[in-house]
Every structure is written in C-alpha cells, then in structure tokens.
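Biologist: I am new to this model and would like a close look at one part of it. Please start from a single residue and then work outwards to the helices and loops.

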Amino acid sequence: MRPPVLRRRSLQVPAHRAAFTRLVRVATTVDGQAPFNDQALIDAQTGARQLVFVVEPQESPSATEHLVGAAIIDDNELEFVINPEWRGSGYGRIAATELLASASPGLKAWSHGDHPAAKALARRFGFTAMRTLLQLRMPLASVPGTAPVFETFRPGTDEEEWVALNARVFASHPEQGSITVSDLRQREAEPWFDAGDFLVARDPDGRMVGYNWLKIEEELGEIYVIGVDAPGQGLGRSLMLAGLEQMRTRGCTTAALYVEADNVPAVNLYRSLGFTDHTIDVQYELGAS
C-alpha cells in the first residue's frame with residue numbers, strides 16, 4: 001500500500017468545502033456522531049487552525065483527488081476522521097503518524113462517540129483520556145405545555161454582555177469560557193442560528209443573569225449552551241423548561257445536550273427532567289515521549 005498524502009486545504013475554496021462537507025456527512029451518517037465540533041469548524045473556516053486532507057496517492061498529478069480523511073489541527077488541539085469506506089486500510093495510522101510527528105506533549109484530541117478506532121490510535125501514540133463529555137437526549141412528547149417565558153437575544157446589542165456573562169459562568173471551562181465576540185458572531189452567521197431560540201434571563205435592573213441558547217435543526221433540538229450567574233436558585237431549571245417548550249413549539253421531537261460527566265449537579269438536573277445517555281465523547285491528551 002502506498003502511503004496517503006497530507007495536503008493543507010482551505011474551506012474558502014469551493015471544491016475543498018464540497019469534498020469536506022461530503023466526508024463529514026458520510027462519517028456522521030455511519031457513526032451517528034459528527035466528527036468535528038462547532039469550534040473546530042469555525043477555526044477551520046477562519047484559518048485559526050489548519051485543515052489537512054488525507055488523500056489517496058495518485059499515479060498522475062492531474063488525477064482526481066480521492067479524499068480519505070481530514071484533520072483540523074493546531075499546536076493545542078486535533079480533530080481527525082477517516083472516511084468509513086477507508087477504515088481498516090492503515091491510512092488512519094499512517095496519517096496520524098505524520099500529523100503527530102512534531103506534536104508536543106499536552107496536545108488534545110477529541111474522539112466524538114468514543115470511537116474504538118480512535119481509542120486504539122490514542123493508545124498507540126501515547127494519549128491518555130482526560131475528559132468525558134456525555135450527550136444526553138430525551139423525547140419531547142412529555143414536556144409540559146406551560147413554561148416560564150423569557151426574553152430573547154438581541155443581535156447587535158447583547159453580544160458584549162453575553163460574552164462577559166458566559167466567561168464568568170464558564171471561567172474554569174477550557175473551551176466555552178474562552179468564546180469571544182468574534183466567535184459569537186461567527187455562530188450568528190450559521191444557517192441554524194435564530195435569535196428567537198436564544199433565551200435570556202435578566203434581573204429587575206435589566207442585567208443579563210442567565211441564558212439558554214438553543215440549536216434547532218429539523219426535529220432535533222439541542223441545548224447548545226445554558227448558563228446562570230448564580231446557580232442553585234432555580235433559574236437553570238426554569239430556563240431548561242422554557243427551552244424544552246420552545247423546542248416542542250418549533251416542531252422538535254427530541255432534545256439533546258452535552259454535559260461534562262463530572263459536573264454532577266448539572267447531570268442530576270438533566271436526568272431529573274428526563275434526559276438519558278445517548279453517546280459519549282472523550283478528550284485525550286498527548287503525554288511526554
């Protein structure tokens with residue numbers, strides 16, 4: 001077998017974007033889980049992280065490029081997928097060897113869905129599992145017909161205040177707490193964004209104190225991110241109920257969310273509302289060689 005070729009690509013090039021979109025669609029269909037998270041996709045789009053294609057070697061430079069896999073990578077984080085049709089060929093191992101050739105200890109890599117092949121590659125290259133992210137789901141048929149009513153996000157007005165609140169709420173979270181106004185506006189430009197699905201709680205003085213941002217795509221509604229400035233007072237549950245009702249009103253049949261497995265209060269809240277386990281994501285960290 002001839003080794004695969006790694007080539008840097010750009011999502012600004014229509015042909016590259018189309019090939020990448022096809023790869024993500026196939027992997028998501030087979031695995032039941034998207035291979036890249038939203039932040040990785042935004043970083044690839046803006047060039048903050050490199051997009052690398054794993055390509056089948058061709059006899060002629062003019063031959064059609066066959067996309068075997070793709071990676072989004074920088075010095076700190078890696079997300080990587082091989083087309084299901086090419087798995088078991090050894091291309092994943094060879095490509096990972098080249099991608100990690102100059103990697104430093106501390107590089108993090110996500111395995112979305114805790115895929116067995118990713119687990120095997122992690123062992124081979126000296127990665128250790130560091131975080132577990134649960135995806136929980138629940139049917140919406142049983143959601144009560146009444147729920148608290150909240151204001152909604154105001155694009156062009158609320159960005160700075162929301163980013164500041166989000167940074168306080170997730171001060172110890174390695175990804176969520178570092179979201180910038182630019183990151184937020186990138187998400188506002190996504191086809192799924194709807195300000196009416198971004199619920200905001202304010203105190204009597206009009207200060208933003210909580211939010212429940214929903215991502216609704218067809219029949220699946222996701223609690224994209226939820227946060228409150230002062231937990232333990234019931235606001236989180238109220239925002240959850242309002243979000244679930246909004247999903248039901250918008251025609252969703254299933255609600256989903258992601259939560260750190262060790263965030264016991266949040267996991268207990270979601271389970272008390274009817275959420276159950278669906279999939280698991282694992283983040284690995286590269287150890288010292």
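Biologist: Is R123 buried or exposed, and what is its relative accessible area?

Modeller: This is a predicted model, in which local features need pLDDT of at least 70, side-chain atom pairs count only at pLDDT 80 or more, and totals for chains, interfaces and linings use all residues. Residues are numbered from 1 along each chain as its sequence is written, and side-chain values use heavy atoms, with hydrogens and water left out.

R123 is exposed, because its relative accessible area is 60%. The cut-offs are under 20% relative accessible area for buried and over 50% for exposed, with partly exposed in between (1.4 Å probe, protein chains only). R123 is part of helix α4. Helices (H or I, at least four residues) and strands (E, at least two) are DSSP runs numbered from the N terminus. From R123 to G32, 91 residues apart along the chain, the C-alpha separation is 23 Å.

The loop ahead of α4 (116–125), which follows β5 (108–111), holds D114. D114 is not a glycine, yet its phi is positive, about 50°. Most residues other than glycine have a negative phi. With a relative accessible area of 22%, D114 is partly exposed. E218 also has a positive phi without being glycine, near 55°. E218 sits in the loop between β9 and β10 (220–228), and its relative accessibility of 73% makes it exposed. The loop between β8 (198–202) and β9 (208–217) contains D205. D205 is exposed, at a relative accessible area of 75%. D205 and L6 are 199 residues apart along the chain, with 55 Å between their C-alpha atoms.

G32, named above, comes just after helix α1 and has a positive phi of about 75°. Helix α1 (residues 14–31) has 18 residues, which at 1.5 Å a residue should span 26 Å, and its end C-alpha atoms are indeed 26 Å apart. The expected span is 1.5 Å times one less than the number of residues. In α1, the buried residues are H16, A19, F20, L23, V24 and A27. They lie on the same side of α1, because they cover an arc of only 135° around the axis. That arc is taken from the directions from the helix axis to the C-beta atoms. The face turned away from this buried side carries the exposed residues P14, A15, R25 and T29. Among the elements that cover the buried residues of α1 are β1 (5–9), α2 (38–46), β2 (50–55), β3 (67–73) and β4 (77–82). Contact here means heavy atoms within 4.5 Å.

Next come two helices that meet each other. Two packed helices are described by the angle between their axes and the distance between the axes. The axes of α5 (residues 159–169) and α6 (residues 181–188) come within 9 Å and cross at roughly 115°. Axes are lines fitted to C-alpha atoms, for helices over the stretch in contact, and angles run from 0 to 180 degrees between N-to-C directions. This crossing of α5 and α6 is right-handed; left-handed means the near helix is turned anticlockwise from the far one by less than a right angle, and right-handed means clockwise. From α5, E159, E160, W162 and V163 meet V181, L184, R185 and E188 of α6. The residues of this contact of α5 with α6 divide into four nonpolar, no polar and four charged. Ala, Val, Leu, Ile, Met, Phe, Trp, Tyr, Cys and Pro count as nonpolar, Asp, Glu, Lys and Arg as charged, and the others, Gly among them, as polar.

Two further helices remain. Helix α7 has 15 residues and reaches 21 Å from its first C-alpha to its last, close to the 21 Å expected at 1.5 Å a residue. Its buried residues include G236, L239, M240 and A242. Their cover includes β6, β8, β9, β10, β11 and α8. After α7 comes G251, with a positive phi near 95°.

In helix α8 (residues 264–273), A266, V267, Y270 and L273 are buried. They cover an arc of only 125° around the axis, so they are on the same side of α8. Their cover includes β6 (127–139), β10, α7 (235–249) and β11 (254–260). G274 follows α8 and has a positive phi near 115°. This glycine, G274, lies in the loop between α8 and β12 (276–286). G274 is partly exposed, at 33% relative accessibility. Leaving out residues up to four places away in sequence, G274 touches R137 and M138.
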